[in-house]
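Work through the exercises below with the sequence and the model open side by side. Try each task before you read its solution.

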Amino acid sequence: MATNEEEHPDVHKFKLICVNSSAFLCLLALILVISFSAGGWRIVVVAGTEESKCTAVKAHGNISQALFRDVCVNGGTETPFSGIHDNQYPLTGTYRCGCCGAPLFPASTKFDSGTGWPSYWAPAAGEAVGYATHWNVLTFATEVHCKTCGAHLGHVFDDGRDPTGLRYCINSVCLRHDDELTVKAHTNTPWIPNDILFLLVAVGGILGLVVLCCYTPCQHYQLRKEQRAVSHSLP
Ligand SMILES: [Zn+2]
């Protein structure tokens, strides 16, 4: 906001209060969304885990170990419609973690999302999966990982199926199907922010922080100069 040299200090002060209030509210919205979302203040730029924690990885005989390392260990994403579990809908069993073998998703919660990645509306009961706020260049989303070993699994969105309304979008290479095991679904899932809302709030909050840290101090200094100039010009 350019400051007119002839602008009265009171007008300048009013504009500064408006800008400060807006910036503060944007920053507050970001803080609240992060605080109450599933990912919370566990913020990751690159998801993944240590390969030494992958005790069950040898069970993957027919899966590329390089792809497994890129996606599950180093937090990458497999090509859509390429995974072995895409377009397969077994009625029984459980999908286990491809890294440590922990039960992650009941087969009964799998559905066709049309995205090219296996999708589930709920994880297994208990604390099967963990969440993190995933900030990448232009990505603000809720990352999902195996709670036991930390292996990156994928992301979760709010455009899924009832009863949770969620879509756990998981990389095939990080899963293996166990037809013998049956687990219950965890339907009491945490809050997952809408990804558009998440993006807008994140951009607004970061801009608000920049304004409060950089713009506001400069404008306060300018305002004090103007106020001194007005007081000196008084008879
Ligand atoms: Zn695991």
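## Exercise 1: Domains and overall shape

In this predicted model, the C-alpha centres of domain 1 and domain 2 lie 43 Å apart.

Task: State which residues belong to each domain, and explain why the protein chain is described as more spread out than a compact globule.

Solution.
Step 1. The domain assignment places 9-34 + 202-233 in domain 1 and 39-192 in domain 2.
Step 2. Next, list the elements. The protein chain has 3 helices and 10 strands. Read from the N terminus, their order is α-β-α-β-β-β-β-β-β-β-β-β-α.
Step 3. The globule rule gives 18 Å for 235 residues, but the radius of gyration of the protein chain is 25 Å, well over that value, so the chain is more spread out than a compact globule.
Step 4. The extents of the C-alpha trace along its principal axes are about 90 × 35 × 30 Å.
Step 5. Consider contacts between residues at least 6 apart in sequence: 70% of them join residues at least 24 apart.

## Exercise 2: Partners of strand β2

Task: Find the strands that are joined to β2 by bridges, and give one facing residue pair for each.

Solution.
Step 1. Locate β2 at residues 94-97 and β3 at residues 103-106; they run antiparallel and are joined by 3 bridges.
Step 2. For a facing pair, take T94, which has P106 of β3 opposite.
Step 3. Look at the connection. β2 and β3 form a hairpin with 5 residues between them, and G101 in the turn has a positive phi of about 90°.
Step 4. Now turn to β10, residues 175-178, which is antiparallel to β2 and joined to it by 4 bridges. Here Y95 of β2 is opposite H177.

## Exercise 3: The sheet of 7 strands

Task: Write down the strand order of the open sheet of 7 strands, name its edge strands, and describe how β8 and β9 pair.

Solution.
Step 1. The order is β1-β6-β7-β8-β9-β5-β4, and the pairing is mixed.
Step 2. The edges are β1 (43-44) and β4 (110-111), each of which pairs on one side only.
Step 3. Within the sheet, β8 (residues 152-161) and β9 (residues 166-170) are antiparallel, with 5 bridges. G154 has I170 of β9 opposite.
Step 4. Check the loop between β8 and β9, where P163 has its place. The peptide bond from D162 to P163 is cis, with omega near 10°.
Step 5. Compare this with the general pattern: most peptide bonds are trans.

## Exercise 4: The nonpolar cores

Task: Identify the residues that touch the most other members of the largest nonpolar core, and the elements that each supply at least two of its residues.

Solution.
Step 1. The largest nonpolar core has 38 residues, and those touching the most other members are C72, L104, C146, A151, Y168, I170 and C174.
Step 2. At least two residues come from each of α2 (65-73), β2, β3, β6 (129-135), β7 (140-146), β8 and β9.
Step 3. Follow one member, C174. Beyond its neighbours within four places in sequence, C174 is in contact with V71, C72, C97, G98, A151, H152 and L153.
Step 4. Another core, of 11 residues, lies apart from the largest one; L27, L30, V33 and F140 are among its members.

## Exercise 5: Three loop residues

Task: Decide whether T148, F81 and N87 are buried or exposed.

Solution.
Step 1. Recall the cut-offs: 20 or more other C-beta atoms within 10 Å means buried, and 12 or fewer means exposed.
Step 2. T148 sits in the loop between β7 and β8. T148 has 20 C-beta neighbours inside 10 Å, so it counts as buried.
Step 3. Leaving aside neighbours within four places in sequence, the contacts of T148 are C97, C100 and A102. P103 is 45 residues from T148 along the chain, and their C-alpha atoms are separated by 9.7 Å.
Step 4. F81 lies in the loop between α2 and β2. F81 is exposed because it has 12 other C-beta atoms within 10 Å.
Step 5. N87 also lies in the loop between α2 and β2. With 10 C-beta neighbours inside 10 Å, N87 is exposed.
Step 6. Finally, read the backbone angles. Phi is positive in F81, near 65°, and in N87, near 70°. Most residues other than glycine have a negative phi.

How values were computed:
Residues are numbered from 1 along each chain as its sequence is written. This is a predicted model: local features need pLDDT of at least 70, side-chain atom pairs count only at pLDDT 80 or more; totals for chains, interfaces and linings use all residues. Domain bounds come from an automatic or database domain assignment. Two strands pair if DSSP finds at least two bridges between them. A nonpolar core is a set of buried Ala, Val, Leu, Ile, Met, Phe, Trp, Tyr and Cys residues joined through C-beta atoms within 7 Å. Two residues are in contact if their C-beta atoms, placed from the backbone, lie within 7 Å. The radius of gyration is taken over C-alpha atoms; the globule rule is 2.2 Å times the number of residues to the power 0.38.
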